[in-house]
Amino acid sequence: MSMVVKNTDDLEDLDEAELEELYSWVDKIPLSRPKRNIARDFSDGVLVAEVVKHFLPKLVELHNYTPGSSTPQKMQNWFLLNRKVFNKLNFQLTEDLIRELCLGKQGLIERFLMHVRAKIERAMWDMQKDAGDRTEVAHHQTKASVRLTNTKPPKSKHVDDKPEADQNINMQNNTYSHIERNNYRTEVSPGRTKPVAAPPPKGHVKIKQSDDLVPKAIYEEREQECLAKEETIQILQAKIRRLEHLLHLKDVRIEELQGRLESIRPTGKGKR
């Protein structure tokens, strides 16, 4: 079920360092229009579609979005994004919030873009994980096919009308007096006939059930736990990268302020 973003309270507040990081992220994306006023530039939703298209090409068809200056045209683009794109990213916008985005409410587009950025990163991580799972399954299937091929019973060099199992039994032991079609031999004793199972043919592989198998329900439960832990790890790693970048920006700012301080600091050579 998609999360509904009702109003600005549902979007995360950004400090100055986070805003600088967001602007840097947007500047790295090739857009069709130059960015002068971010609230006005993104108000018709076209550049938002281009941002998503840059990271998730199959999710957006840009020809469906027409640049416009009128509020109805802008809202039409946002409604289309809401239905065809945002829904696949597991969130939805209310009409009131869309109207505020179209009107270029101060500070709203930045908070929205940060929200979209998080959703895009999550979708890209899910796609990479799914691709890795498919590769692993294909690898296991290939190994299983090789094992099955290697365990194929060898064919006899002599052609006989008897079944292959009977031919192998004859090759292993010539002391049997009689071999039936159903792979059983008969021991003849005075007054009694006893069917005895014939030995398995040469090259036959008996499959033994492993004692290490676990119930499917337990396996699926453990798999879900692993997925949840992997998701938590990814989120924490993203936060770490974000904090490291913020620290770098603050260090740069500190160095800049120290340089200014040194430039205005008195040299101590006053007039006497």
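Reader: What does the accessible surface of the protein chain come to, and what share belongs to carbon and sulfur atoms?

Author: Let's start on the outside. The accessible surface comes to about 20,200 Å², and carbon and sulfur atoms hold 53% of that. Keep in mind that this is a predicted model.

Reader: Then what is the mean pLDDT of the chain?

Author: The mean is 76, with 65% of the residues reaching 70 or more. That average hides a spread, though: helix H3, residues 46–55, has the highest confidence with a mean of 96, while strand E3, residues 184–189, has the lowest with a mean of 44.

Reader: Which stretches stay under 50?

Author: Two to look at are residues 161–166 and residues 204–210. Looking beyond four places in sequence, the model has 13 contacts for residues 161–166, but one contact for residues 204–210.

Reader: How many helices and strands should I look for?

Author: Eight helices and four strands. If you walk along the sequence, the pattern goes β-α-α-α-α-β-α-α-α-β-β-α.

Reader: And how do I read what's inside? What percentage of the residues count as buried?

Author: Of the 272 residues, 26% count as buried. Here's the general idea: in soluble globular proteins, nonpolar side chains tend to be buried together. In this model, the largest nonpolar core has 41 residues. Phe 42, Trp 78, Phe 86, Leu 93 and Phe 112 have the most contacts inside that core.

Reader: Which elements give two or more residues to this core?

Author: Helices H1 (16–27), H2 (38–41), H3, H4 (71–84), H5 (95–102) and H6 (108–150) do, along with strand E2 (91–93). H6 provides the largest share, eight residues.

Reader: Say I click on Phe 42. What does Phe 42 touch?

Author: Leaving out residues up to four places away in sequence, Phe 42 touches Val 26, Leu 31, Leu 47, Val 48, Val 51, Trp 78, Ile 109 and Leu 113. You can ask about sequence distance for the whole chain too: among contacts between residues at least 6 apart, 56% join residues at least 24 apart.

Reader: Can we finish with one helix? Which residues of H1 are buried?

Author: Sure. Ala 17, Glu 18, Glu 21, Leu 22, Trp 25 and Val 26 are buried in H1. Val 26 is also one of the residues that Phe 42 touches. At the N-terminal end of H1, Asp 15 acts as a cap, with a side-chain oxygen 3.3 Å from the backbone nitrogen of Ala 17.

Reader: How far does H1 reach?

Author: From first C-alpha to last, its 12 residues reach 17 Å, close to the expected 16 Å.

Terms used: Residues are numbered from 1 along each chain as its sequence is written. This is a predicted model: local features need pLDDT of at least 70, side-chain atom pairs count only at pLDDT 80 or more; totals for chains, interfaces and linings use all residues. Side-chain values use heavy atoms; hydrogens and water are left out. pLDDT is the predictor's confidence in each residue, from 0 to 100. Contact means heavy atoms within 4.5 Å. A nonpolar core is a set of buried Ala, Val, Leu, Ile, Met, Phe, Trp, Tyr and Cys residues joined through side-chain atoms within 4.5 Å. Buried means under 20% relative accessible area, exposed over 50%, partly exposed in between (1.4 Å probe, protein chains only). Accessible areas come from the Shrake-Rupley method with a 1.4 Å probe; for residues, only the protein chains shown count as cover. The expected span of a helix is 1.5 Å times one less than its number of residues. A polar contact is a pair of N or O atoms within 3.5 Å; within protein, one must be able to donate a hydrogen and the other to accept it, and residues adjacent in sequence count only if both atoms are side-chain atoms.
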